[in-house]
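Hi everyone, thanks for coming. I'd like to walk you through one structure today, so please have a look at it before I start.

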Amino acid sequence: MRQTRIFATAVCALALLACKPNNTTEAKTQEKTPHAKPIQEFQSVHDPQIKAEVNFSMHDSTAPKVDSKRAMQYVREVVNIGPRSLGSPGHKKVQEYIKSKLQGDQVEDDVFTADTPVGPLEGRNIIAKYPGKKEGIIVIATHYDTKQGIKNFVGANDGGSTTGLLLELANHIRQQGQRNGYTVWLVWFDGEEAIKEWTDTDSLYGSRHLSEKLQKDGTLKKIKALILLDMIGDADLSVEEDMNSTLWLRQVIYQAASRYGYQSYFFQQQGGIVDDHIPFVQKGVPAVDLIDLQYGYANVYWHTPQDTLDKLSPRSLQIVGDTVLESIRLLDQK
């Protein structure tokens, strides 16, 4: 993904003209400069006129919770496969692993050919579908591939943490049987990472393909919301408020987090993220990216061999997983 830190803290969102961008993060690598301008008008969930509209709840001990230990075990098993970039041996193994945990579910392989700088490569989005009684679809998504060209890069946080968490979410949704709410899709995107250097065409291969496919067959207009998860296993969790994400959906996330008393882990910093949600947002789908781009000081572990299991925490998986479960419940009421 690419990222620009628009403002350093939520306070800056209330002082737009006085606050300077966080140039430290931008100076680290130009790869984080977005290739798309923020799509939403600049409004934060912390803005006074917006914050008043959010129905904050007290901590609720009865709210549904994921099994963070089980989720962490899935992450561990994914990471133990090793690097899983397009065309690598681990790439095929992780596909088989994901589908082995979804046996008995309605699972579809969305196979495509990625036109990459090194030639055509086969990609495969994996989609698990859980039918609901209401007309419409809620998509919860992540990516499972790792970036090429980085020796011993296993992507424990970047792709691994969310791949495991989606498998845990599948356990909860499966237990519901036919849902009273919307149909839920769990989507593991392939080819999020650039093969050489991030550009409009060398990135987001799987999400670009699926968004175009669903637009052509008419399914795209049925998607009520897309929640993308990326890099949320960091033990020092701070989920960024992505200003390219749909405002009302950011509000839903923040309200969901507040039910558990988790709101301090969300949206304390604002930025503009280009990630797998963007192809959908550009086509009019409400979408939000839940991502923590402070992975180590100044994001030092990102896209390095130091992105390993010891940097992660089951507690972070718990916080994000619970928040997603509650967000689905809130969306079902809309």
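Before I point at anything, one definition: a strand here is a DSSP run of E with at least two residues, and strands are numbered from the N terminus. With that in hand, glycine 271 sits in strand S8, residues 266–274. Please keep in mind that this is a predicted model.

Let me stay with glycine 271 for a moment. Its relative accessibility is 0%, so it counts as buried. Its C-alpha is 6.8 Å from that of glutamate 240, although 31 residues separate the two in sequence.

Strand S8 also contains phenylalanine 267. This residue has a positive phi of about 65 degrees, and it is not a glycine. Is phenylalanine 267 buried or exposed? Its relative accessible area is 0%, and under 20% means buried. Ring pairs also join Phe267 with Tyr254 and Phe266 in a cluster.

Tyr254 takes us to helix H8, where it is one of the buried residues. H8 covers residues 247–259, and its 13 residues reach 19 Å from first C-alpha to last, close to the expected 18 Å. Of those 13 residues, 12 are buried, so the rest of the structure largely encloses this helix. The buried set even includes Arg250, Gln251, Gln255 and Arg259. After H8 comes glycine 261, with a positive phi near 75 degrees.

Now, the aromatic rings. How many aromatic pairs does the structure hold? There are 5. Tyrosine 260 and tyrosine 262 make a stacked one, with centres 5.1 Å apart and 5 degrees between the planes. Tyrosine 260 has 3% relative accessibility and therefore counts as buried; tyrosine 262, at 3%, counts as buried too. Tyrosine 295 and tyrosine 301, on the other hand, meet edge-to-face, at 5.4 Å centre to centre and 75 degrees between planes. In that pair, tyrosine 295 is buried at 1% relative accessibility, while tyrosine 301 is partly exposed at 27%. Tyrosine 301 has another partner: lysine 311 lies over its face, 4.8 Å from the ring centre.

While we are in this part of the chain, have a look at alanine 298, in the loop between strand S9 (287–291) and helix H10. Alanine 298 is another non-glycine residue with positive phi, here near 55 degrees. At 21% relative accessibility, it counts as partly exposed.

My last stop is helix H4, residues 68–81. At 1.5 Å a residue, its 14 residues should span 20 Å, and the end C-alpha atoms are indeed 20 Å apart. Which residues of H4 are buried? They are Ser68, Ala71, Met72, Tyr74, Val75, Val78 and Val79. Seen down the axis of H4, these buried residues fall within an arc of 155 degrees, so they line one face of the helix. As a reminder, an α-helix has 3.6 residues a turn, so residues three or four places apart point the same way. The buried residues of H4 pack against helices H5 (89–100), H6 (156–175) and H10 (314–332). On the other side of H4, Lys69 and Asn80 are exposed.

Both ends of this helix are worth a look. At the N-terminal end, aspartate 67 acts as a cap, with a side-chain oxygen 3.2 Å from the backbone nitrogen of lysine 69. After H4 comes glycine 82, whose phi is positive, near 100 degrees.

That's my tour, and I'm happy to take questions.

Technical notes. Residues numbered from 1 in each chain as written. Predicted model: local features only at pLDDT ≥ 70, side-chain atom pairs only at ≥ 80, totals over all residues. Heavy atoms only, no water. Helix = DSSP H or I, 4+ residues; strand = E, 2+ residues; numbered from the N terminus. Expected span 1.5 Å × (residues − 1). Buried < 20%, exposed > 50% of the residue type's maximum accessible area, 1.4 Å probe, protein only. Arc of directions from axis to C-beta. Contact = heavy atoms within 4.5 Å. Polar contact = N/O pair within 3.5 Å; in protein donor to acceptor, adjacent residues only side chain to side chain. Phe/Tyr/Trp six-rings, centres within 6.5 Å; stacked < 30°, edge-to-face > 60°. Lys NZ or Arg CZ within 6 Å of the ring centre and 35° of its normal.
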